[in-house]
Amino acid sequence: MAPFSLAGRTALVTGAAGWTGQGIARALAHHGAAVVVNDIDRERADALVAELAAAGASVYGAPFDVTDYDAVSAGVRESEAALAPVDILVNCVGMPGTPNKHIEFAHSDPADWRPWIDINIYGSLNCLRAVLAGMCARGWGRVIQISSAMAARGLPNRESLLGGSKAGIEGTLRSIALEVVDRGVTINTLAVGLLQNATVHARPEIVRATLARVPAGRFIEPSEVGAAVVYLASEEAAMITGQTHHLNGGSYQGH
Ligand SMILES: NC(=O)c1ccc[n+]([C@@H]2O[C@H](COP(=O)([O-])OP(=O)(O)OC[C@H]3O[C@@H](n4cnc5c(N)ncnc54)[C@H](O)[C@@H]3O)[C@@H](O)[C@H]2O)c1
């Protein structure tokens with residue numbers, strides 16, 4: 001088998017119609033995986049499903065809301081009936097715009113904090129819970145959590161709950177990884193730096209300041225995130241688990 005081949009594997013990518021998710025879904029399909037495209041944005045999800053199918057991939061659209069556990073369970077069951085049991089889970093949903101998404105904590109309300117926790121912690125755990133027991137029973141699985149450099153460092157960008165919720169899911173997964181380490185299942189976090197999505201585009205002053213701190217001096221491409229996910233999902237990465245891997249052009253060096 002070719003190195004890093006994912007032939008015969010089925011991957012569920014959440015938030016797959018987004019900027020980063022598309023790069024991940026394309027990379028997984030390119031390496032032979034069947035792909036479940038999850039996103040609440042049906043129009044963009046349908047377009048991605050059509051594109052991957054036209055390129056010859058096995059693909060299924062599953063537009064469930066990751067924050068709704070019952071919807072996640074039903075969506076995973078339907079996807080598995082249409083394709084095959086999920087071997088690879090990539091949690092890549094990103095926070096949608098909310099009225100007070102970027103607000104100083106001193107002026108925030110508890111209701112402003114909850115969507116970050118719902119998406120980044122409950123959303124990820126709902127999907128993990130729906131697939132993890134099956135992975136363990138079959139003796140093979142890969143879980144890749146997309147996180148942010150902000151889980152490890154502060155930034156003055158009025159997104160403190162982004163850092164908090166990503167750090168929370170990273171810490172939770174680090175221990176779940178050890179619960180399943182003897183069952184052929186690896187769980188890793190990929191903490192990415194600045195990507196040029198629509199929200200980022202809308203905040204040019206933050207982008208300039210953040211980009212100035214990236215030694216590589218440019219945005220990360222979705223295809224570069226996809227390539228890292230393919231590696232972590234591969235047979236070859238079987239001994240890498242319970243870790244956070246940083247992909248950010250040198251902007252976070254662990255100190
Ligand atoms: N953009 C950046 O600079 C950056 C930096 C670090 C980490 N990240 C992380 O990368 C991941 C993807 O971010 P992105 O920049 O591609 O965002 P994006 O907004 O382009 O994509 C996110 C997708 O998630 C979908 N979504 C939102 N809520 C959902 C829900 N409840 N259920 C299902 N789907 C839902 C949206 O429809 C959207 O298509 C996120 O986890 C984000 O935190 C992004």
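**Notebook: ligand shell and second pocket**

I started at the ligand, in what is a predicted model: a side-chain N or O atom of Asp-39 sits 2.6 Å from one of the ligand's oxygen atoms. Next I looked up Arg-44, where a side-chain N or O atom is 3.2 Å from an oxygen atom of the ligand. Ile-40 uses its backbone instead, with an N or O atom 3.4 Å from a ligand nitrogen.

How much of the ligand's accessible area does the protein cover? I got 88% of the 840 Å² that the ligand has on its own.

Then I went through the shell. There are 28 residues around the ligand, and the ones that come nearest are Thr-20, Asp-39, Lys-166, Leu-195 and Asn-197. So much for names; I also wanted the chemistry, and sorted the shell into 14 nonpolar, nine polar and five charged residues.

Which elements give two or more residues to this shell? Helix H1 (19-30) and strand E5 (141-148) do. E5 has the largest share, with three residues.

Moving on to the second largest pocket, I noted a volume of about 150 Å³. I wrote down the lining in sequence order: Tyr-69, Ser-73, Val-76, Arg-77, Glu-80, Val-86, Arg-129, Ala-130, Val-131, Gly-134 and Arg-138. Two or more of the lining residues come from helix H3 (69-82), and likewise from helix H4 (110-138). By type, I have five nonpolar, two polar and four charged residues in that lining.

Last, I stepped back to the whole chain. I find eight helices and seven strands in the protein chain. Why call the chain as compact as a globular protein of its length? Its radius of gyration is 17 Å, and the globule rule gives 18 Å for 255 residues, which is close, so the description holds. I also took the extent of the C-alpha trace along its principal axes, which is about 50 × 40 × 35 Å.

Terms used. Residues are numbered from 1 along each chain as its sequence is written. This is a predicted model: local features need pLDDT of at least 70, side-chain atom pairs count only at pLDDT 80 or more; totals for chains, interfaces and linings use all residues. Side-chain values use heavy atoms; hydrogens and water are left out. A residue is near a molecule or strand if one of its heavy atoms lies within 4 Å of it. A polar contact is a pair of N or O atoms within 3.5 Å; within protein, one must be able to donate a hydrogen and the other to accept it, and residues adjacent in sequence count only if both atoms are side-chain atoms. Accessible areas come from the Shrake-Rupley method with a 1.4 Å probe; for residues, only the protein chains shown count as cover. Helices (H or I, at least four residues) and strands (E, at least two) are DSSP runs, numbered from the N terminus. Ala, Val, Leu, Ile, Met, Phe, Trp, Tyr, Cys and Pro count as nonpolar, Asp, Glu, Lys and Arg as charged, and the others, Gly among them, as polar. On a 1 Å grid over the protein atoms alone, a cavity is a set of points where a 1.4 Å probe fits but cannot get out, and a pocket is an open set with protein on both sides within 12 Å along at least five of seven lines; lining residues have an atom within 4 Å of a point. Grid points are joined across faces, edges and corners, and a volume is the space filled by probe spheres set on the points. The radius of gyration is taken over C-alpha atoms; the globule rule is 2.2 Å times the number of residues to the power 0.38.
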